Amino acid sequence: MSKVRVLVGTRKGAFILTADGTRDDWTIDGPFFGGWEIYHIKGSPVDPNRIYTSQTSGWFGQVIQRSDDGGQTWEPVGNRFEYDGVPGTHQWYDGTQHPWEFARVWHLEPSLADPDIVYAGVEDAALFRSTDGGQTWHELSGLRRDSSGHLWQPGAGGMCLHTILLDPERPSRIFVAISAAGAFRSDDSGETWQPINRGLRSEYIPDPKAEVGHCVHRIALHPSRPQVLFMQKHWDVMRSDDAGESWYEVSGNLPSDFGFPIAVHAHEPETVYVVPIKSDQEHFPPEGKLRVYRSRTGGHEWEPLTKGLPQRDCYVNVLREAMAVDALDPCGIYFGTTGGQVYVSADSGDTWQPIVRDLPAVLSVEVQTLP
Amino acid sequence: MIRVVLPPHLRSMARVDGEVVLEVEGAVTLRSVLDALEAAHPVLRGTIRDQATQRRRPFLRFFACQQDLSHQPPDDRLPEAVAKGVEPLVILAAIAGG
C-alpha cells in the first residue's frame with residue numbers, strides 16, 4: 001500500500017509526518033535540528049530517501065543537511081554560498097543601492113533526473129546549484145546579471161528567491177520567483193534569464209507595470225502542462241498560458257486576492273488551491289475563518305473549503321512554502337500554519353483534519369508519495 | 001593543549017560533549033584556534049565566522065579569563081592562561097532575539 005511522508009519545516013526544527021495511503025493515522029517524528037529555523041525540506045523525486053534540508057540560525061548562519069535514508073539520519077554537507085564575482089548592489093528600502101549579502105537558503109529544489117543535483121534559492125536573491133549532493137555550491141549568476149538585479153528590492157521578509165520550478169518536459173527550462181523582483185525564466189539550464197512579468201500590475205510600486213519589482217509570492221505548475229503557470233502575487237492570483245510570456249488575473253470571486261501559497265491538484269491541471277489572507281497589513285484569514293479556496297476551472301471561479309477547518313477566531317497565516325499535494329488518488333492536500341497546525345485533506349480539499357496541532361510556526365510543507 | 005567551550009547548538013553539530021581540546025601549532029590566536037577547531041570539526045565551518053570574510057558572526061562573542069575578546073584582532077595572541085590550557089576560550093551565543 002502506498003504511503004505518504006510529509007516534510008515540515010518550522011521556526012524551531014523539522015518534523016516528519018508519515019501515514020499509509022488512507023492518511024488517517026499519523027506518526028510524528030522530530031524535532032530534528034531542534035531550535036533551528038528550517039526554511040525548507042525537500043526530497044529527490046528520483047530517490048525519495050535523499051532529502052535536503054535548509055537549517056538556519058541568526059547566530060550560526062546556514063547549514064545544509066542531507067539524508068540518504070528517508071530522514072532517519074542526517075549529515076551536514078556544504079554551506080559555502082559565495083556569489084559569483086563581485087556581488088554588486090541592489091535597491092534598498094530607501095532607494096539607495098545596497099551590497100548583496102548572503103543570509104539564508106529559502107528553498108531547495110532537487111533535480112527531476114539526478115539526486116546529486118539540487119538548486120538553492122537564497123536571500124539576498126540568487127540561485128545556486130550543486131552537482132555533488134550539496135557538498136559544493138555554485139551561483140547561476142546570469143540571473144542577477146541578465147535580469148536587472150540592481151533594480152530588485154527586498155520585500156518585508158527579505159529579498160529572497162523562494163520559488164524554483166523545473167520543467168519536466170524541457171529539462172533546460174527553469175522558472176524562479178523573487179520577492180520583490182518578480183518571476184524569471186531560463187531556457188538554457190540557468191545560464192541566461194529573462195524577466196517574465198508582462199501582465200502583472202502592482203499598484204504599490206512606482207510603475208505598476210514595471211518589468212521587474214513585483215512581489216511574487218509563489219508560482220505553481222502541473223507537471224503534465226508546464227507552460228501553464230499559476231501565481232499568487234502580493235495582491236492578485238494570476239495565470240499564464242505561455243510559460244510566463246504574459247499573465248492575466250484569475251482572482252475572480254475570492255474574498256481576498258492577497259495570500260502566499262498556491263498549489264495545483266496532482267491529477268487535475270485546472271484545479272488550483274489558494275488560502276486567501278485579509279490583507280498585507282493584517283496577515284490573517286478574512287473574518288477569522290480559515291478557508292482554502294479551490295478553483296476547478298483554472299481560476300476565476302472559486303469555492304471555499306471549510307469542513308474541518310476553524311471557522312471562528314482563527315488568526316493564523318499560511319506561508320508561501322507551506323502548502324503541498326501528494327500523488328495519491330484521491331489527491332491529498334496539505335498545509336501548515338503559523339499557529340503550528342498541519343492539516344490534511346485526503347479528498348482533494350472537501351474535508352480536512354489536523355495531523356498535528358501544536359508544532360512551532362510552520363515555514364514549509366512538502367509531501368513525498370512512497371510505494 | 002587549548003580548551004574551547006562551544007555553545008550548545010554547536011556542540012550538537014560537532015557531536016561533542018563538554019569542552020573541545022585542540023593542539024595549536026605556533027602562536028595561539030583567535031585565528032589559529034578557530035583554524036584548528038574547524039580542521040578538527042569541519043561541520044563548524046561557517047557557523048562561527050564567515051567562510052569568505054573570516055569575520056566573526058555578529059551574535060557570537062569570544063571570552064576568556066574574564067575578558068571580552070570579541071573585538072580583538074584575529075592575529076593577536078590570546079591570554080597566556082588560554083595558551084597553557086589553564087583557562088578555556090569560551091565561544092558564546094549572545095542573548096539576542098527570542
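**Figure 1. Where chain B meets chain A.** In this view, 13 residues of chain B are in contact with 10 residues of chain A. Helix α1 of chain B, residues 8-14, gives the most to the side of chain B that touches chain A, with 3 residues. Sorted by class, that side of chain B has 7 nonpolar, 5 polar and 1 charged residues. The model is predicted, and its scores are ipTM 0.92 and pTM 0.96. For chain B the mean pLDDT is 94, and 97% of the residues in chain B reach 70 or more.

**Figure 2. The nonpolar cores.** In soluble globular proteins, nonpolar side chains tend to be buried together. The largest nonpolar core of this model has 105 residues. The residues with the most contacts inside this core are A:Val8, A:Val176, A:Met231, A:Tyr334, A:Val342 and A:Val365. A second core, separate from the largest one, has 22 residues. A:Phe60 belongs to this second core, and so do B:Leu22, B:Ile48 and B:Leu89.

**Figure 3. The surroundings of A:Val176.** A:Val176 is listed among the residues with the most contacts inside the largest nonpolar core. Which residues is A:Val176 in contact with, leaving aside its neighbours within four places in sequence? They are A:Gly121, A:Leu127, A:Leu143, A:Leu161, A:Thr163, A:Ile164 and A:Phe184.

**Figure 4. Strands β5, β6 and β7 of chain A.** Strand β5 covers residues 51-57, and 7 bridges join it to strand β6 in an antiparallel arrangement. The two strands, β5(A) and β6(A), form a hairpin with 3 residues between them. Across this pair, A:Thr56 stands opposite A:Gln62 in β6(A). Strand β6, residues 61-67, is mostly covered, with 6 of its 7 residues buried. β6(A) also pairs with strand β7, residues 75-76, in the antiparallel sense over 2 bridges. Here A:Gln65 stands opposite A:Pro76 in β7(A).

**Figure 5. Strands β10 and β11 of chain A.** Is strand β10, residues 104-110, mostly covered or mostly exposed? It is mostly covered: 7 of its 7 residues are buried. β10(A) pairs with strand β11, residues 118-123, over 6 bridges in the antiparallel sense. In this pair, A:Pro110 has A:Val118 of β11(A) as its bridge partner.

**Figure 6. The open sheet from β18 to β21 of chain A.** Strands of a sheet pair through backbone hydrogen bonds, either parallel or antiparallel. This open sheet has 4 strands in the order β18-β19-β20-β21, and the pairing is antiparallel. The edge strands are β18 (216-221) and β21 (248-249), each of which pairs on one side only. Strand β19, residues 229-233, is joined to strand β20, residues 237-240, by 4 bridges. Between these two strands, A:Leu229 stands opposite A:Ser240 in β20(A).

**Figure 7. The open sheet from β22 to β25 of chain A.** This open sheet of 4 strands follows the order β22-β23-β24-β25, with antiparallel pairing. Which strands lie at the edges? They are β22 (258-264) and β25 (303-305), and each pairs on one side only. From one strand to the next, the twist averages 30°. Strand β24, residues 292-295, runs antiparallel to β25(A), and 3 bridges join the two. The bridge partner of A:Tyr293 in β25(A) is A:Pro304.

Notes
Residues are numbered from 1 along each chain as its sequence is written. Chains are lettered from A and ligands numbered from 1 in the order in which they are written. This is a predicted model: local features need pLDDT of at least 70, side-chain atom pairs count only at pLDDT 80 or more; totals for chains, interfaces and linings use all residues. A nonpolar core is a set of buried Ala, Val, Leu, Ile, Met, Phe, Trp, Tyr and Cys residues joined through C-beta atoms within 7 Å. A residue is buried if 20 or more other C-beta atoms lie within 10 Å of its own, exposed if 12 or fewer, and partly exposed in between; C-beta atoms are placed from the backbone. Two residues are in contact if their C-beta atoms, placed from the backbone, lie within 7 Å. Ala, Val, Leu, Ile, Met, Phe, Trp, Tyr, Cys and Pro count as nonpolar, Asp, Glu, Lys and Arg as charged, and the others, Gly among them, as polar. Two strands pair if DSSP finds at least two bridges between them. Axes are lines fitted to C-alpha atoms, for helices over the stretch in contact, and angles run from 0 to 180 degrees between N-to-C directions. pLDDT is the predictor's confidence in each residue, from 0 to 100.
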